Amino acid sequence: MPRTNPSSATASPAASSTPDLPGPGGLCAVHQPNFLPRLTTLAKLFAADYWIVLDDVQFTRRDYQHRARLANLNDPARQQWLTIPTHLPGGRPTLIRDAVIDAPDLARRRTAGMLRQHYGASPHWPALAEALDPVLDAFDTGRTATVTETSTRVLLDLLGWEGQFLTSSRLPARPGRSVRLADLAAATGARAYLCGTGGMSYLDQNPFAARNIAVAPFRPPTTGIWSSGRRLSALWAFAALGPQDVAARLQTLASDRTALQTTAVSLLEERETYH
């Protein structure tokens with residue numbers, strides 16, 4: 001599945017009102033807003049102390065920026081796409097933040113119906129349905145990114161995540177794939193950048209080393225509920241297991257982040273010693 005290239009956007013100018021930045025330290029993750037994100041994506045964000053919402057790169061229809069793969073509650077092999085119909089005012093170069101929803105009212109009703117159809121029989125559905133109300137309300141904005149970002153925030157809230165959100169379009173960064181990501185990570189004051197397996201295949205770590213930021217690879221398990229974690233929306237796990245069970249599993253995975261960060265920082269320091 002193609003991934004959005006962070007270098008497809010120009011450098012992010014400093015916003016007229018610069019956001020309050022967090023204190024130094026911790027792990028940073030940078031990711032596009034995804035609609036009801038996959039379990040692996042959610043786990044990476046949960047393990048981070050800061051999530052920079054990458055909203056000023058090119059919208060990609062074949063990615064997860066406006067769609068999610070739902071699995072049948074009792075038979076996860078039965079799957080169906082749930083897509084937010086999206087119009088790109090600027091054509092193919094349209095940025096994620098500028099994409100708009102076609103017929104928001106209809107899209108909202110269809111989304112609500114499909115979620116209820118797939119997960120309404122779950123004993124956890126009443127609590128999930130209430131938690132998802134802000135996602136449905138976000139359709140009224142007419143902005144695809146608002147809906148997708150809200151959907152991720154809601155799931156992180158259900159997990160009890162205590163990290164901070166920042167938005168790439170409000171942070172200064174130079175152009176260039178890895179340089180830009182390094183600049184964004186530096187804006188959080190993070191000591192390490194949490195990178196997924198896909199990102200590790202292209203990431204140039206030199207710009208991070210120049211900013212004294214270690215790169216920590218994030219590799220979730222591949223068995224059990226994780227076997228389909230790169231394809232299915234995490235909402236299936238929430239409905240099948242319950243938010244508390246999912247939170248416990250992600251907390252176990254995230255508990256290794258201190259060791260992960262320590263190892264990454266040690267490798268960075270060793271690299272600096274020999275260079």
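1. A quick definition to start, since the strand pairings below lean on it: two strands pair if DSSP finds at least two bridges between them. Keep in mind that this is a predicted model. With that cut-off, β1 and β8 count as a pair because 2 bridges join them, and the two strands run parallel. One contact to look up on screen is Leu 27, whose bridge partner in β8 is Ala 192.

2. On the other flank of the description sits β2. β1 and β2 run parallel and are joined by 4 bridges; Cys 28 has Tyr 50 of β2 as its bridge partner. β2 also pairs with β7, again in the parallel sense and over 4 bridges, and here Ile 52 has Leu 166 in β7 as its bridge partner.

3. Put together, the sheet is open and has 5 strands, in the order β7-β2-β1-β8-β9, with parallel pairing. The edges belong to β7 and β9 (214–218), and each has a single partner strand, so one side of each has no neighbour in the sheet. From one strand to the next, the twist averages 30°.

4. Which way do the side chains of β2 point? Tyr 50 and Ile 52 go one way, while Trp 51 and Val 53 go the other. Both sets are buried, so each of these residues falls under 20% relative accessible area.

5. Now for helix α1, residues 39–47. This helix lies across β1, β2, β8 and β9, and runs at about 145° to β1. In the chain path, β1, α1 and β2 make up a β-α-β unit, and that unit is right-handed.

6. Helix α6 (residues 177–188) deserves a look of its own. Of its 12 residues, 9 are buried, so the helix is largely enclosed by the rest of the structure. The buried set is Ser 178, Arg 180, Leu 181, Ala 182, Asp 183, Leu 184, Ala 185, Ala 187 and Thr 188. Note that Arg 180 and Asp 183 are on that list alongside the leucines and alanines.

7. What do the buried residues of α6 pack against? Their contacts take in four strands of the model, namely β1 (27–31), β2 (50–53), β7 (164–167) and β8 (192–196), plus the helix α8 (206–210). Just past the end of α6 comes Gly 189, with a positive phi of about 80°.

Key. Residues numbered from 1 in each chain as written. Predicted model: local features only at pLDDT ≥ 70, side-chain atom pairs only at ≥ 80, totals over all residues. Heavy atoms only, no water. Buried < 20%, exposed > 50% of the residue type's maximum accessible area, 1.4 Å probe, protein only. Contact = heavy atoms within 4.5 Å. Axes fitted to C-alpha atoms, helices over the stretch in contact; angles between N-to-C directions. Right-handed = clockwise from strand over helix to strand, strands pointing away.
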